[in-house]
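User: I am a first-year student, and I would like a close look at one part of this model. Please take it step by step and show me what surrounds that part.

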Amino acid sequence: MAKEKVVVDGMAMQRALTRITYEIIEKNKGINDLVLVGIKTRGVYLAKRIAKRLEKLENAEVPVVELDVTKYRDDLKNKKPNSEPVNDSKVDVNNKNVILVDDVLYTGRTVRAALGAINEMGRPKRIGLAVLVDRGHRELPIRADFVGKNIPSSKDEKVNVLVSEIDDRDSVEIVSNK
């Protein structure tokens, strides 16, 4: 029987996203030429939340691109060969500072797929990675620039990020089958 344990509640998630927002401003020396790319599904909602915080702090809007990396995955057997266009928002990423935003960094394969997708969109000046949760167990040499929380976990466990926009609450849970 699966057991769920909440490791980050809604308030802690807000604090983590606020901290990531300040770190992005600091590292990029403001928000000029900044584009946030949210990896579907929950990464998009997290990117939009960060963009709202950036707008409040810097009084300027930061574009958010929604990115579906399914056709770029090397570990999925049921890929849709003719999936949606990579960047249907028409945001120009050329010579921009792009921050990829995702909910959980695990093996690194989703990020590798996102890098391939961004390559098709253009040539950014720099690409950074912001994740709410880094759970370890990397299969590829990928490291996040901005991390909300490091959560050591076993490979047998699953880390679920819940966002109020689709899950009616904010939290991070570890689900164990033991």
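How many residues does helix H2 have, and how far does it reach from its first C-alpha to its last?

Analyst: A note before we start: this is a predicted model. Helix H2 covers residues 42–58, which makes 17 residues. From its first C-alpha to its last, H2 reaches 24 Å. At 1.5 Å a residue, the expected reach is also 24 Å, so the helix is close to that value.

Now look at how the chain enters H2. Thr 41 sits in the loop between S2 and H2. The peptide bond that leads from Lys 40 to Thr 41 is cis, and its omega is near 10°. Most peptide bonds are trans, and most residues other than glycine have a negative phi. Keep both points in mind.

At the other end, Asn 59 follows H2. Asn 59 belongs to the loop between H2 and S3. Its phi is positive, about 55°, although Asn 59 is not a glycine. Is Asn 59 buried or exposed? Asn 59 is exposed, because its relative accessible area is 70% and the cut-off for exposed is over 50%. Lys 29 makes a useful comparison. Lys 29 is in the loop between H1 and S2. Lys 29 also has a positive phi near 55°, and it is not a glycine. Lys 29 is exposed too, with a relative accessible area of 75%.

Next, the inner face of the helix. The buried residues of H2 are Gly 43, Val 44, Leu 46, Ala 47, Arg 49, Ile 50, Ala 51 and Leu 54. These residues pack against H1, S2, S3, S4, S5 and helix H4 (164–167). Most of those names are strands of one sheet, so let us turn to that sheet.

The sheet is open and has five strands, in the order S3-S2-S4-S5-S6. The pairing is parallel. Strand S3 (64–67) and strand S6 (146–150) are the edges, each pairing on one side only. From one strand to the next, the twist averages 25°.

Take the pairs in turn. Strand S2 (residues 34–39) pairs with S3 through four bridges, in the parallel sense. Here Val 37 stands opposite Val 65 in S3. S2 also joins S4, by five bridges, and these two run parallel. In this pair, Leu 34 has Asn 97 of S4 as its bridge partner. S4 and S5 run parallel as well, joined by eight bridges. There, Leu 105 stands opposite Asp 134 in S5.

S4 deserves a second look. Nine of its nine residues are buried. One residue of S4 is Asp 102. Asp 102 touches Gly 43 and Leu 46, along with Ile 39, Thr 110, Ala 130, Val 131 and Leu 132, leaving out residues up to four places away in sequence. Gly 43 and Leu 46 are among the buried residues of H2. That ties our helix to this strand. Why does Asp 102 have no salt bridge? The nearest side chain of opposite charge is Arg 73, at 6.9 Å, and a salt bridge has to be within 4 Å, so this pair does not count. Asp 102 is buried all the same.

Two other helices meet the sheet. Helix H1 (residues 10–28) packs on the sheet and touches S2, S4 (97–105), S5 (126–134) and S6. The direction of H1 makes about 150° with that of S6. Helix H3 (residues 109–121) lies across S2, S3, S4 and S5. H3 runs at about 155° to S4.

Check H3 the way we checked H2. H3 has 13 residues, which should span 18 Å at 1.5 Å a residue; the end C-alpha atoms are 19 Å apart, so the values agree. Its buried residues are Arg 109, Val 111, Ala 113, Ala 114, Ala 117, Ile 118 and Met 121. S2, S3, S4 and S5 are among the elements that cover them. After H3 comes Gly 122, with a positive phi near 160°.

Back to your helix. H2 follows a loop with a cis peptide bond from Lys 40 to Thr 41. Its buried residues pack against H1, H4 and S2, S3, S4 and S5. Asn 59, with its positive phi, comes next.

Note on methods: Residues numbered from 1 in each chain as written. Predicted model: local features only at pLDDT ≥ 70, side-chain atom pairs only at ≥ 80, totals over all residues. Heavy atoms only, no water. Pairing = 2+ DSSP bridges. Axes fitted to C-alpha atoms, helices over the stretch in contact; angles between N-to-C directions. Contact = heavy atoms within 4.5 Å. Buried < 20%, exposed > 50% of the residue type's maximum accessible area, 1.4 Å probe, protein only. Lys, Arg positive; Asp, Glu negative; His and termini not counted.
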